[in-house]
Amino acid sequence: MPGLIRGLYPEAIAANLARVRSRAGEDVEVLAATKYVAAEEMGVLAEAGVTLVGENRLQDLEAKHERWGERFSWDFIGNLQSRKVKRILPLCRLIHSVASDSVLEQLGRHGGPETEVLAEVNVAGEQGKGGIEPGELGALIERCPVRVSGLMTMPPFSEDPEASRPHFARLARLAAEHGLERLSMGTTQDWAVAVEEGATIIRLGVALYQA
């Protein structure tokens, strides 16, 4: 696992962020994935103009939120364990990775009228990858006790961004079929393709942090 990122430069992040926003457009939210960003570096992101961050692990989310909670909007973008839903909900505006009945049960217990989630869809049918099958989406939306406002996917990794395009296009079609507004798709290597296919949230790490 890579080590934590330290020694970030606000000027470099601000320039990267401006470049991404210029290409992505005003309607696309740029989420800074902070899994590998040390807690003490989070202030650099705020200084650089980052407003939305996403965490993968509850322990890191709690620690960073306690220190920097008012500086950002927070999303949860990691693998979601049902026993952690209760602690995640008060800290985040949006969970990107809802995909199991056990999570739905916990959302029913601890969610409220304001709770908003994304269903994670395994559009490529990858073995061992998180997310539901596309054919299961309608039933999951019906069973979900809180508002499903969109979809998230993580296509198979490829050095070629174009390899992600059919998966992003399929997710966009699924969202349209179910009347869902949000599309969380695209990371550092393929975010530009995701934007072309209708992403409303792109999740970036290295693309923002490199000097």
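**Figure 1. Pairing of β1 with β8 in the predicted model.** A32 stands opposite L204 in β8. The model shown here and in the other views is predicted. A32 and L204 belong to a parallel pairing in which strand β1 (residues 29–33) and β8 are joined over 4 bridges. Within β8, the side chains of I201 and R203 point one way, while those of I202 and L204 point the other way. In a regular strand, side chains alternate between the two faces of the sheet. Both sides of β8 are covered in this respect: I201, I202, R203 and L204 are all buried.

**Figure 2. Pairing of β5 with β6.** Strand β5 (residues 116–120) runs parallel to β6, and the two pair over 5 bridges. One of the positions to locate in this view is L118, whose bridge partner in β6 is G150. Strand β6 is mostly covered, with 5 of its 6 residues buried. R147 lies in β6, which spans residues 147–152, and counts as partly exposed at 45% relative accessibility.

**Figure 3. Salt bridge between R147 and E181.** The side chains of R147 and E181 meet in a salt bridge, with 3.9 Å from N to O. This pair links distant parts of the chain, since R147 is in strand β6 and E181 is in the loop between α7 (165–177) and β7 (182–184), 34 residues apart. R147 is partly exposed, at 45% relative accessibility, whereas E181 is exposed, with a relative accessible area of 60%. Both residues also take part in a network of salt bridges that links E29, D75, R93, E116, R147, E181 and R182.

**Figure 4. Salt bridge between E197 and R165.** The closest approach in the salt bridge formed by the side chains of E197 and R165 is 2.9 Å, N to O. Here too the pair links distant parts of the chain: E197 sits in the loop between α8 (191–196) and β8, and R165 in helix α7, 32 residues apart. E197 is partly exposed, with a relative accessible area of 21%. That value is just outside the buried class, because buried means under 20% relative accessible area.

**Figure 5. Buried salt bridge between E55 and K64.** E55 forms a salt bridge with K64, and the closest N and O atoms are 2.7 Å apart. Both partners are buried: E55 has a relative accessible area of 0%, and K64 has a relative accessibility of 4%. The structure holds 16 salt bridges, and the pair E55 and K64 is one of them.

**Figure 6. The largest pocket and its lining.** About 630 Å³ of space lies in the largest pocket. Its lining is made up of 24 residues, and K35, N56, I77, M154 and T187 lie nearest its centre. The elements that give two or more residues to this lining are β8 (201–204) and α9 (206–209). By class, the lining of the largest pocket has 10 nonpolar, 10 polar and 4 charged residues.

**Figure 7. Cysteines C92 and C144.** The count of disulfides comes to 0. The sulfur of C92 is 16 Å from the closest cysteine sulfur, in C144, and so is too far for a bond. The reverse holds as well: for the sulfur of C144, the closest cysteine sulfur is in C92, at 16 Å. A disulfide would need the two sulfur atoms within 2.5 Å. C92 counts as buried at 14% relative accessibility, and C144 is buried with a relative accessible area of 9%.

**Figure 8. Surroundings of D190 and K86.** D190 is found in the loop between β7 and α8 and counts as buried, at 2% relative accessibility. Its C-alpha atom is separated by 9.4 Å from that of F157, which is 33 residues apart from D190 along the chain. K86 is found in helix α4 (residues 85–88) and is exposed, with a relative accessible area of 53%. The C-alpha atoms of K86 and R109 are separated by 8.3 Å, and these residues are 23 residues apart along the chain.

Notes:
Residues are numbered from 1 along each chain as its sequence is written. This is a predicted model: local features need pLDDT of at least 70, side-chain atom pairs count only at pLDDT 80 or more; totals for chains, interfaces and linings use all residues. Side-chain values use heavy atoms; hydrogens and water are left out. Buried means under 20% relative accessible area, exposed over 50%, partly exposed in between (1.4 Å probe, protein chains only). On a 1 Å grid over the protein atoms alone, a cavity is a set of points where a 1.4 Å probe fits but cannot get out, and a pocket is an open set with protein on both sides within 12 Å along at least five of seven lines; lining residues have an atom within 4 Å of a point. Grid points are joined across faces, edges and corners, and a volume is the space filled by probe spheres set on the points. Ala, Val, Leu, Ile, Met, Phe, Trp, Tyr, Cys and Pro count as nonpolar, Asp, Glu, Lys and Arg as charged, and the others, Gly among them, as polar. A salt bridge is a side-chain nitrogen of Lys or Arg within 4 Å of a carboxyl oxygen of Asp or Glu. Two strands pair if DSSP finds at least two bridges between them.
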